[in-house]
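Here are a few short exercises to work through with the structure open beside you. Try each task before reading its solution.

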Amino acid sequence: MLGRAFVSAVAMLAGAWAGGAVVGAAATGQDRARTVADGVYSDAQAARGAAVYEVACTGCHRADLGGASGPPLREQRFAREFAGKDLKTLFTKVATTMPRNAPASLGDNVYLDVVAHLLKENGFPAGAQELTADALDGIGVVPGQAKPPPPVGDFSYVEVVGCLTAGPQHTWVLTRASEPITAVPAGSSPSTPAAAKPLGTQTFHLLDAMAYAPGEHHGHKMYVRGLLIKLPGEQRMTISAFEMVSPTCSD
């Protein structure tokens, strides 16, 4: 009887140990499954990386990572190039090829900061700890996420649609205008087709409308992109894009 109880106890201990090993293996597997979406860099690190990127990288990749003489570092290109790989692949690419005129010249810690900036600009959240070289192998890269637009405020770069109307003393006003939203970069298509944006209740004094032959578009539904200037009792906009989206001003 004693022997049998002893064997049973040993079997139970063995089972418990095996179960612990499985749990340990699962935990290890979870560690390996860590991704750039898990907060793998700090805000301070990304801020340092942004300063370096502005000086060393914008000439080839643009400030918004949209690409110029160098490829884009965001959205579909980012996903196609790096998603499914570990973060060391991205780090190695940055550290061995950038900046173009002096690759591998900035030092590992600086390149880690730049990688942190790239992650932030691709919509991945910051965490409490800075990204280190030792961690790169164990962090997977996933497709980027849309970065939330900044809140609209005074001197924001915005886009609206509204009815172009002649104002007093040779001024031009956009009436029945939509709520201003953060504008897409210059040269890009509006995030929502302009003709599909509904009119609203806002009014904007267009500061430099005379440069765009506004008389030809009186009463038309217009898409306007520019700098928003908020004054007591009045909203003004400069103009960097001015396009007719409908010859009539009705939804």
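## Exercise 1: A bridge between two helices

In this predicted model, Asp43 and Lys120 form a salt bridge, with 3.5 Å between the closest N and O atoms.

**Task.** Find which helices hold Asp43 and Lys120, and decide how exposed each residue is.

**Solution.**
1. Start with the positions: Asp43 belongs to helix α2 (residues 43-56), while Lys120 belongs to helix α6 (residues 108-121).
2. Now look at the separation along the chain: the partners are 77 residues apart, so the pair links distant parts of the chain.
3. Partly exposed residues fall between the 20% and 50% cut-offs. Asp43 has 45% relative accessibility, so Asp43 counts as partly exposed.
4. Lys120, at 33% relative accessibility, is partly exposed too.

## Exercise 2: A bridge within a loop

**Task.** Asp64 forms a salt bridge with Arg74. Work out where the two residues lie and how exposed they are.

**Solution.**
1. The closest N and O atoms of Asp64 and Arg74 are 3.6 Å apart, and a salt bridge needs them within 4 Å.
2. Both Asp64 and Arg74 sit in the loop between α3 and α4, 10 residues apart.
3. Asp64 has a relative accessibility of 22%, so Asp64 is partly exposed.
4. Arg74, at 21%, is also partly exposed.

## Exercise 3: From one pair to a network

**Task.** Describe the salt bridge between Arg236 and Glu234, then name the residues that shared partners join into one network.

**Solution.**
1. The closest N and O atoms of Arg236 and Glu234 are 2.7 Å apart.
2. Arg236 has a relative accessible area of 28% and is partly exposed; Glu234, with 29%, is partly exposed as well.
3. Elsewhere, salt bridges with shared partners connect Arg62, Asp64, Arg74 and Glu75 into one network.
4. For the overall tally, the structure holds 9 salt bridges.

## Exercise 4: Reading a pocket lining

**Task.** For the second largest pocket, find the residues closest to the centre, the elements that contribute, and the make-up of the lining.

**Solution.**
1. The volume of the second largest pocket is about 220 Å³.
2. There are 16 lining residues, and those closest to the centre are His61, Pro71, Lys93, Thr97 and Met98.
3. Two or more lining residues come from each of α3 (58-61), α4 (75-82) and α5 (87-97).
4. The most come from α4, which gives 3 residues.
5. Sorted by class, the lining has 9 nonpolar, 3 polar and 4 charged residues.

Conventions:
Residues numbered from 1 in each chain as written. Predicted model: local features only at pLDDT ≥ 70, side-chain atom pairs only at ≥ 80, totals over all residues. Heavy atoms only, no water. 1 Å grid on protein atoms, 1.4 Å probe; cavity = no way out; pocket = protein on both sides within 12 Å on 5 of 7 lines; lining within 4 Å. Points joined across faces, edges and corners; volume = space filled by probe spheres on them. Helix = DSSP H or I, 4+ residues; strand = E, 2+ residues; numbered from the N terminus. Nonpolar A, V, L, I, M, F, W, Y, C, P; charged D, E, K, R; others polar. Salt bridge = Lys/Arg side-chain N within 4 Å of Asp/Glu carboxyl O. Buried < 20%, exposed > 50% of the residue type's maximum accessible area, 1.4 Å probe, protein only.
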